[in-house]
Amino acid sequence: MTSPQRPRKIPLEKLHGLELPAAADMHVHLREGAMTELVVPTIRRGGVNTVFVMPNLVPPITTVKHCMEYKQRLQSLEPNVTFLMSLYLHPNISTETVIEAKRAGVAGIKSYPHGVTTHSDHGVMSYEQFYPVFEEMERQDMVLNLHGELPPSAGKDITVLNAEESFLPTLLDLHRRFPKLRIILEHCTSAAAIEAVKSCGPTVAATITAHHLFLIVDDWAGDPHSFCKPVAKLPSDRRALLKTVVSGNSKFFFGTDSAPHPAETKRADRVAAGVFTQPHAVSYVIDALEQGVEMGVIKADEVTKENLENFLSGFGRTFYKVEDDRKERIVLSKPLEAVEDLLKSADGSLEVVPFRRAKMTWGVFWK
């Protein structure tokens with residue numbers, strides 16, 4: 001005889017109706033063309049009013065002019081979001097570019113390792129040539145954003161599972177050489193990355209995505225819509241991420257790495273790397289923490305208003321030295337809402353599959 005199914009626990013019911021500052025998502029991909037038109041309006045749906053925008057377009061954003069034109073385009077689509085812009089670390093970036101970028105209000109420069117992820121064909125092979133650029137970034141107080149993986153071309157038996165951990169000595173070396181340079185290790189996926197960031201001084205911080213709070217290697221190995229770079233790792237790594245989110249450590253803050261791709265490229269022989277989380281950015285974090293409580297990884301009393309405010313909004317804004325001039329508020333809500341199966345462009349020519357499609361998620365509303 002089959003035992004009756006136990007009702008699902010709701011350990012974070014206390015969060016229903018909780019009011020929080022609007023979130024700051026410090027790592028987003030907003031793409032170009034029709035994809036931009038589709039995904040930019042979903043930023044506020046996710047409870048976010050400030051985003052740090054990635055520069056890996058085609059061609060990549062390596063000039064201040066290109067960067068400002070892109071920002072103007074984004075603002076025309078959604079004037080109620082603050083877009084923090086970045087340049088793509090490239091041989092064309094000079095010390096003069098850094099000075100110009102700072103004057104124009106560009107927030108950071110993003111480094112991609114050559115060939116490891118979407119549109120990284122122009123990525124970095126070696127950092128030595130950029131040391132003068134980093135010195136100028138120190139002087140100008142600009143942020144260096146690192147996609148922290150070694151490329152397979154680096155040798156040493158590099159795979160998707162150890163590429164991040166293999167990169168960590170490079171992070172530590174850059175911090176040693178440029179101790180005043182503000183550095184972000186983007187989208188941490190491993191316990192080793194968390195510990196490396198903790199070991200650095202106050203100028204080094206890291207972002208944590210929503211999807212890496214859910215995923216382990218078994219998930220993306222069977223689902224192309226959960227495949228991203230860097231890939232999700234072991235259960236122990238996921239546990240470390242969940243604990244870090246509620247730790248109150250100011251070195252770690254929210255960055256979804258929301259990365260939309262046309263649905264057909266997620267079904268192709270060579271699957272595109274990226275997970276699309278923008279429409280439910282804050283909701284996914286609450287979902288993941290709820291699962292973490294149910295699994296016994298974290299305690300319900302660790303998921304406090306203060307910890308949520310700091311991770312989702314406060315710590316990121318402080319590190320980037322930006323204010324939320326709008327002072328907007330969001331409200332968490334249960335009952336849940338369903339994640340859509342597809343997002344489609346108005347003419348139906350473009351389809352994107354959201355993360356955790358058709359599953360239930362917390363509601364987030366603007367006050």
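Hi everyone, let's start with one ring: Phe134 is buried, with a relative accessible area of 0%. Before going on, please keep in mind that we are looking at a predicted model.

So who does Phe134 pair with? That would be Phe178, in an edge-to-face arrangement, with 5.6 Å from centre to centre and 80 degrees between the planes. This contact links distant parts of the chain: Phe134 belongs to helix α4, while Phe178 is in the loop between α5 (163-177) and β8 (182-185), 44 residues apart. Phe178 counts as buried too, because its relative accessibility is 4% and the cut-off for buried is under 20%.

The two rings also have company. Ring pairs join Phe134 and Phe178 with Tyr127, Phe130 and Tyr131 in a cluster.

Stepping back, how many aromatic pairs are there by this rule? The count is 13. One of them is Tyr88 with Tyr112, which is stacked, at 5.3 Å centre to centre and 25 degrees between the planes. Here again, distant parts of the chain are linked: Tyr88 sits in strand β5 (residues 86-88), and Tyr112 in the loop between β6 (108-111) and α4 (131-140), 24 residues apart. Are these tyrosines buried or exposed? Tyr88 is buried at 0% relative accessibility, and Tyr112 is buried with a relative accessible area of 1%.

Last, a look at charges over rings. Arg44 lies over the face of Trp366, 4.0 Å from the ring centre. Over the ring of Phe319 you will find the charged end of Arg182, at 5.9 Å from the centre.

Thanks for listening!

Key. Residues are numbered from 1 along each chain as its sequence is written. This is a predicted model: local features need pLDDT of at least 70, side-chain atom pairs count only at pLDDT 80 or more; totals for chains, interfaces and linings use all residues. Side-chain values use heavy atoms; hydrogens and water are left out. Rings of Phe, Tyr and Trp (its six-membered ring) pair if their centres lie within 6.5 Å; planes under 30 degrees apart count as stacked, over 60 as edge-to-face and the rest as tilted. Helices (H or I, at least four residues) and strands (E, at least two) are DSSP runs, numbered from the N terminus. Buried means under 20% relative accessible area, exposed over 50%, partly exposed in between (1.4 Å probe, protein chains only). A charge sits over a ring if NZ of Lys or CZ of Arg is within 6 Å of the ring centre and within 35 degrees of the ring normal.
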